[in-house]
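Student: I am new to this structure and would like to look closely at one single part before widening the view. Please choose a residue, describe its surroundings with care, and then go on to the rest of the chain.

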Amino acid sequence: MKKFTLKGIIASIFLIAISATNSFSQGTPIGCNGQFFVTHGSGGTATSTTSVKKLSFSGGTITPNVFNIDPTTIGFNAIGINPVDGYMYGLRYPTSGNRPRLVRVGIGVSGNIVDLGEVSDGGGNMADGDIGYAGCFDAAGVFYFITDNNEMFKITGLNYPATSTTATYIGAPAGGGTGTNFYVDMAINPVTNILYGVTFNQRLYTINTTTGVSTFIATHATTGYIASLFFDEIGNMYGYHQNGAFYLIDKTNAGLTPAGSGPSYTYADGCSCSFGNVFHDLSWNPVGNTPCPSNSNKNPTTNISIAVTNKSSVQQTGLTYTFDLSLNDAAHKFMFNQTAATIAQNLFTAGLLPNNSAANVSLQLASGAVAPNYNKIVVSNFQTGAPGATLSATFQLKFVGTGTPNPIPMQSFISGLPALLGGSDDSNNPATAPPNDPTNIEFCPGATLPLNS
């Protein structure tokens, strides 16, 4: 997704660098919660506009949500989110006769991107005019990047408000280099801590973060190039193609499984932060439990379950869990077929509530629903398990609508997480390839539901 002009002449532009001081405030951190981000622009200069989009997934559709960047006159690439401080970092395109500059991005209405200054030459290996296209962080907050000259560097000590622009040369990964073989992006598997990189000529590698030695895996079978690499919390690797196609990538053979599509971008990059997250799946298993509305049973029930995993360093408490059955499509009529007391009991038994109290569960009416068809729950005092634990609970749902189409998307949300963990988490459907996408329920797949009269 990067539009490359190979070592083109960049016009000399006078920059008034934004001072990087410990007293500068740039809002709150983006946080490390598995969200996928892309950056893109209309040009690749130090003062071009780089836009940021947060991606959301639903079925095969990717929706880019605008993420505010101010000021807009800072062109950058090679992005990654630091799991230590939760901020996004990247490399600003260099001006003529200068090296790239480190930038930091937070959440804010104004002043949320800061130029931290020119990076060092890494011991003499980085030349003026070198561009960083591929960048990422490891779990310890070390920022790795590879230039268009096939040279790999790292920067340590990034923990807001502390910063560093000292680059250390690591090595020259094979497979990159000038011409069409340079590395377009890279990302680290949060499960194995292995770094993967993809080149402009469709080649996938693993790269040793200590030596820079690369190992060729395979060539991915597409025309054009994958511009952005991402990992989710369980080690699935994804790629956003420059043409807008989104793929699940097989880490052993570079095989591509279509997982959605979105806009195509130029001068683009991507990142996710999936280290130490809190995340949850929303699962529907129809085996032996596929409800079929009929004249004799117009209100079938079915079960849907959540599984909350805590990969952070402490148990997270005082959270809020929200499950709105009408959120994705208000025309589909579902209700919770359990009382607040029963839901509280189930969550308490699962360990997701610290006490068995119905006062923690608020049954609500959303999108025109009428009692007793409560189609939204808000659970206060929600909690995760201990670090490393996955806790599961089940809700019973009842269909109370009229004839509606299949499938029916549902998604739940956890909020109240620390800012470093992104504040919230969207549920994921573990049965599908896209990350953090709604979970579908199907009544007799392909059938039209009867009228409920």
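Tutor: Let us start with His 280, which has its place in strand E21; strands (E, at least two residues) and helices (H or I, at least four residues) are DSSP runs, numbered from the N terminus. The model is predicted, with local features needing pLDDT of at least 70 and side-chain atom pairs counting only at pLDDT 80 or more, while totals for chains, interfaces and linings use all residues. Residues are numbered from 1 along each chain as its sequence is written, and side-chain values use heavy atoms, with hydrogens and water left out.

With a relative accessible area of 1%, His 280 is buried, a word used here for residues under 20% relative accessible area, whereas exposed means over 50% and partly exposed lies in between (1.4 Å probe, protein chains only). The side chain of His 280 makes a polar contact of 2.9 Å with the side chain of Ser 412; such a contact is a pair of N or O atoms within 3.5 Å, where within protein one must be able to donate a hydrogen and the other to accept it, and residues adjacent in sequence count only if both atoms are side-chain atoms. If neighbours within four places in sequence are left aside, the residues in contact with His 280 (heavy atoms within 4.5 Å) include Ala 307, Val 308, Tyr 321, Asp 425, Asp 426 and Asn 428.

Tyr 321 carries the view onward, since, with neighbours within four places in sequence again left aside, its contacts include His 280, Leu 282, Ile 306, Val 379, Phe 382, Phe 395 and Phe 413. Tyr 321 also belongs to the largest nonpolar core, which has 34 residues, and is one of the members that touch the most other members, among them Ile 306, Phe 323, Leu 347, Phe 382, Phe 395 and Met 410. Strand E21 (278-283), where His 280 lies, is one of the elements that supply at least two residues each to this core, and others include strand E22 (301-310), strand E23 (319-324), helix H1 (340-350), strand E26 (376-382) and strand E27 (390-399). A nonpolar core is a set of buried Ala, Val, Leu, Ile, Met, Phe, Trp, Tyr and Cys residues joined through side-chain atoms within 4.5 Å. A second, separate core of 30 residues includes Ile 74, Ile 188, Leu 195 and Cys 271. In soluble globular proteins, nonpolar side chains tend to be buried together.

Seen as a whole, the protein chain has one helix and 31 strands, and 52% of its 453 residues are buried. Among contacts with a separation of 6 or more, 64% are between residues 24 or more positions apart.

Charged side chains offer another way to follow the chain, and a search of the whole structure finds four salt bridges, each being a side-chain nitrogen of Lys or Arg within 4 Å of a carboxyl oxygen of Asp or Glu. Arg 99 and Glu 118 meet in one of them, with 3.4 Å from N to O. Because Arg 99 lies in the loop between strand E5 (88-92) and strand E6 (101-105) and Glu 118 in strand E7 (residues 113-118), this pair ties together parts that are 19 residues apart in sequence. Glu 118 is partly exposed at 29% relative accessible area. Arg 99 also forms a salt bridge with Asp 128, where the closest N and O atoms are 3.9 Å apart, and Asp 128, in the loop between E7 and strand E8 (132-137), is 29 residues from Arg 99. Asp 128 is partly exposed as well, with a relative accessible area of 44%.

The side chains of Arg 101 and Asp 115 meet in a salt bridge of 2.8 Å, N to O, linking strand E6 with strand E7 across 14 residues, and both of these residues are buried. Together with Arg 92, Arg 101 and Asp 115 are linked in a network of salt bridges.

Finally, some backbone details deserve a look. A cis peptide bond, with omega about 0 degrees, joins Asp 70 and Pro 71, and Pro 71 is found in the loop between strand E3 (61-67) and strand E4 (76-81). The bond from Tyr 160 to Pro 161 is cis too, its omega being near 10 degrees. Ala 254, although not a glycine, has a positive phi of about 65 degrees; this residue is in the loop between strand E18 (245-249) and strand E19 (256-261), and at 3% relative accessibility Ala 254 counts as buried.
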